[in-house]
Amino acid sequence: MVNITIAEGGGVVANDVVSFLPQCASVSYSSLSLQDAEQYDITSSSYLVTVLPTIVPGLVFGILSVLGFIFFSLWLCTQCCSGRRRVRASPDKEQLMASPEQQSDHYAAPPPKGWRHRSWAQPTFLFKLLLTAMALALVGVSAWGLVSSIHATDDTFSSLWDLVRDVENRVGNATTTMQQLSGELQQLNGNVTLLGNSTTGVLTFSQAAVQRLVAQGYWNASWTDAAQVKQEITDKITALLALPDSIADVQQGIEAGFNTLQDSLAQPLLNIQDDWEAPTMAVQERWRFIPIAVVFGITAGASLLCALLFWSLRWYRTATWAAVVLWLGVALLMLLGVGLFNGVVTVSTDSCQYAEFLLLQLVSRKVKDTESQRLLLNSFSYYFGLTAIPDDLVVNDLLDIPTNLLREFLTTSIVDLATNVTMNLSPSDVQALSTASRVPFDAMRTTFLLLPNISSTLWYLESQVLKSSIDPLYHSIKEYLCCTLSSEMGDLFVAWTAAGVLGFVLALLCSARLAQHALSLRKQQRRAMAAAAAASSLHWQDPDYPALQYSGTGMAAGNGAAAAANGSMAGTGMSSAERDLSLSDVQRHKDELQPKGFPLQSGSDEEVGPPTPPPPPGGQD
């Protein structure tokens, strides 16, 4: 059950969590949870523990890929260091062997019937076809991932620094306005002090100025009753002359607010910008292309080589090289894509949902000064929409600047009077009125000049800190967290994960192909050795039987059969990986050599008769 309410200031509170979610966000208010909000704290190690499960799959697959890279690197080093022994037979040895075509005709099995016995329906063929299809698919996915990754990171850091500069500009404008207001109040304070000794003269001057404006037709349309306006002006001038004490309080508040903004926002942001903007923008503009191109380039190149080499494995070492490089690319994709980027997506999503809650909690826990804590909590509560503050009290409540004291006398009547006096009365008229009223002309004129300026500066300062002015910045920050950062990290996660998963499967298939080839080759070598030993034992069964020679060579018949078979296939140009020394072929050779327990005579198809057994020891019985 989702409990969504609207707070006093217009903020949305869902399940006791205040948050603003823009329309572009991938999450909704129904997904907010107070328990999750309390766990979210990027400054705490306990939160990182909760994020760890999202990184673990990438770490596991990445470590497995690293192990695959190390294993096949050692495998490749072993091949390069030890070399591969090749058995080369002389032409004399090949004379006893039939040609490959003759062997094929002699030993060929009857052609199988049915589609299941077709070559394309055999598991080996289907395995090779799957491996090639996966390799070509990975080439396409790597190309897409390369383009998608570059596009997703086009404005990641530039958008962030745009927000930082926006905050800096707002803080700079506010501090500049505060300094300007402080200076104007300082001037007003000095002039009002001079006028304070002639209160009666100031009132006389103001009333005479109103009469002069009425006579010249400059009376403001909003002034419907001159007597009432005169009385109001009299009251405000009286308050103005008593203003120096209030001005001191306002200036003290302005100084404190200025220092707060400078120390809490302006200077930290400037330090962060000086330290990080240049390197991060260098990453976005130049360096980001290198890791993206390297990772996807390695993966695409290795997968293309796998598609070309692993069908027949004629270039075994090159295929092993391709597998090593593929495992390296997959390790990078898994560690960064499935691991790091998935963690960043989780953190950015939590930040989108619970940033407001975290700021309120951090202020309550971290800020020890009671007054600073009160001002910060007031500010965040106001801007998050939890509380409502009247517009004329916002500066007072958020910056602790008592501008309400200035608002008591900066009413429309006195400001309009000051404006009309300075704009519609000539300096000679103001001089005459000052002389008649016995007030200092320069002080009177400067005071009337400052009042409209102070009112305008005060209004501008108040408008800068209003919620309606800060909302665009607040919404932009949330859109960056909820939309820009989350979306871009999500695109990176999808692209790198898709390529990583396909690459991992392809690397497993290639590894299985290499392992199957090595095991098959090992079995063939053992069978050849066993066949040679079995054929050689035929000769040694009868010590008196003369060793049959093959074209002048000193090899016995049994060993010669195995060597000649190996040499004949070597002479066809086939690699050792493709030489067929199956057990069935060896058995057929054994059957030919010993159809009746005796080998064939070299160069003859006729069977040799059994030799006369030697006489038993001691002569005949």
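**Group meeting: two helices, two cores**

Helices α7 and α16 cross in a right-handed way. Right-handed here means the near helix is turned clockwise from the far one by less than a right angle; anticlockwise would be left-handed. A word on the source: this is a predicted model, with local features needing pLDDT of at least 70, side-chain atom pairs counting only at pLDDT 80 or more, and totals for chains, interfaces and linings using all residues. Residues are numbered from 1 along each chain as its sequence is written, and side-chain values use heavy atoms, without hydrogens and water.

Back to the pair. Helix α7 spans residues 199–215 and α16 spans 427–437. Helices are DSSP runs (H or I, at least four residues), numbered from the N terminus. The two pack at about 140°, axes 9 Å apart. Axes are lines fitted to C-alpha atoms over the stretch in contact, and angles run from 0 to 180 degrees between N-to-C directions. So α7 and α16 are oblique, meaning neither under 35, over 145, nor 65 to 115 degrees.

Who meets whom? From α7, Gly201, Thr204, Phe205, Ala208, Ala209 and Arg212; from α16, Asp429, Val430, Leu433, Ser434 and Ser437. Contact means heavy atoms within 4.5 Å.

Next, the cores. A nonpolar core joins buried Ala, Val, Leu, Ile, Met, Phe, Trp, Tyr and Cys residues through side-chain atoms within 4.5 Å. Buried is under 20% relative accessible area (1.4 Å probe, protein chains only). The largest core has 51 residues, with Leu185 and Leu188 making the most contacts inside it. Its largest share, eleven residues, comes from helix α6, residues 156–195. A second, separate core of 46 residues includes Val295 and Met334.

Key
Buried < 20%, exposed > 50% of the residue type's maximum accessible area, 1.4 Å probe, protein only.
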